Amino acid sequence: MLKQAQRAYNFNAGPSALPFAVLEKAQQELVNFQGTGMSVMELSHRSATYEQVHNEAIASLKELMNIPEDYHVLFLQGGASTQFATIPMNFLAQGKKAGYIMTGSWSEKAHKEAKMLGETYVVASTKETNYNRIPALDELKYEDNTAYVHLTSNNTIFGTEWFTFPDTGDLPLIADMSSDILSHPIDVSKFAMIYAGAQKNLGPSGVTVVILRPDMLERANANVPTMFRYDTHVKNNSLYNTPPTFGIYMLSLVLEWAKEQGGLEALAKMNKEKAALIYDVIDQSEGFYRGHAEKDSRSLMNITFRLASEELEKKFLAEAKEAGFVGLNGHRSVGGCRASIYNAVPYESCKVLSEFMKDFMKKNG
Ligand SMILES: *Cc1c(COP(=O)(O)O)cnc(C)c1O
């Protein structure tokens, strides 16, 4: 069987690396889950065995993120992209406006959906400098009659991340945390809603996590089709229809793994150490590597950088591929290079990449 050391150096942006221990556990349990003679995929979603997996995943997420007791945790389908539409469908009431903080492509996509459904405005934007930073808190301007404020906590494509969240007072704050959920502790009580597609830090694609403050249900629009209403899923514990059972099972294993690592404080410490390995090479390269993000906005999850010319970038990426690194190409809309170093990317992979970068600079500098 494949050993950890034989695994790829996977820096994919998403779907991305999963913890090796999680994959091994899933493999062991695949054809005979808890003595049932069936895989989790073959269980009824109404069975007690499955329901335990489902409820344990909710409990583990609440424990790890220190989610207030009365908040709802939902497991939906359609990815974060579907949430871009269901948020305004439910929470953008007539006569109100939704405020969007623009920090990258995913904020733009979220904003675009809301514009189709109601009135919106831009709270702040860093588009002018190609989204290379998070706006300062005093740049955020809220208008009267705001239904909610939306932000993207980590900008997967541009490599920037919020480290201090705005205090929006009575305005409900909604965050797309698809690419940094579970990477460091946050104060969930500041948010009216948090959502995340699982395929970056939580598990495989197919399940979308929603964390919802209960009073949001009272604000929700009445005329929304059943499957797109949050209260449908709240009332039915995300079992109104068939949930993505295997994805939720994998999520539960990832959450167990996160607890074994020491929880979010411990993961945050490791993530900082991993990111420092690569940012240090960039900073000490005297311009050979150029980070896209301003230093105080730098993401600990997605490290974006360029080299002096596109030709040199091509050479870097080709040699990196040859050396066994996967997923280092920048997003097609930005170019350059990107190393995504989510929770499950081992320190060792980051170490090897930093050595490779130093070596490449020596030969080509
Ligand atoms: C990947 C990503 C998305 C898109 O998620 P899907 O689950 O593919 O819809 C949205 N927002 C952010 C911040 C992302 O990183």
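Modeller: Let's open with a definition: Ala, Val, Leu, Ile, Met, Phe, Trp, Tyr, Cys and Pro count as nonpolar, Asp, Glu, Lys and Arg as charged, and the others, Gly among them, as polar. On that basis, the shell around the ligand holds 3 nonpolar, 8 polar and 2 charged residues. The model is predicted: local features need pLDDT of at least 70, side-chain atom pairs count only at pLDDT 80 or more, and totals for chains, interfaces and linings use all residues. Residues are numbered from 1 along each chain as its sequence is written, and side-chain values use heavy atoms, without hydrogens and water.

Biologist: How many residues surround the ligand, and which are the closest?

Modeller: There are 13, each with a heavy atom within 4 Å of the ligand. The closest are S81, T156, D176, Q199 and K200. Helix α3 (residues 79-91; a DSSP run of H or I, at least four residues) gives the most, with 4 residues. S81 lies in that helix.

Biologist: What makes the pair between T156 and the ligand a polar contact?

Modeller: The term needs a pair of N or O atoms within 3.5 Å. A side-chain N or O atom of T156 is 2.5 Å from a ligand oxygen, so the pair qualifies. A polar side-chain atom of Q199 lies 2.9 Å from an oxygen of the ligand, and a backbone N or O atom of A80 is 3.1 Å from a ligand oxygen. Taken alone, the ligand exposes 390 Å² (Shrake-Rupley, 1.4 Å probe), and the protein buries 87% of that.

Biologist: Which residues does UniProt list for "binding site"?

Modeller: Its unreviewed entry lists A80, S81, W106, T156, D176, Q199, N241 and T242; annotations may be inferred rather than shown by experiment.

Biologist: How do you know whether these residues gather at one spot or not?

Modeller: They span 163 residues in sequence, and the farthest two C-alpha atoms are 30.9 Å apart, so they do not all gather at one spot.

Biologist: What stands out in the backbone at P15 and Q34?

Modeller: A cis peptide bond joins G14 and P15, with omega about -10°; P15 is in the loop between β1 (9-10; a DSSP run of E, at least two residues) and α1 (20-29). Q34 is not a glycine, yet its phi is positive, near 50°. Q34 lies in the loop between α1 and α2 (48-65).

Notes:
A polar contact is a pair of N or O atoms within 3.5 Å; within protein, one must be able to donate a hydrogen and the other to accept it, and residues adjacent in sequence count only if both atoms are side-chain atoms.
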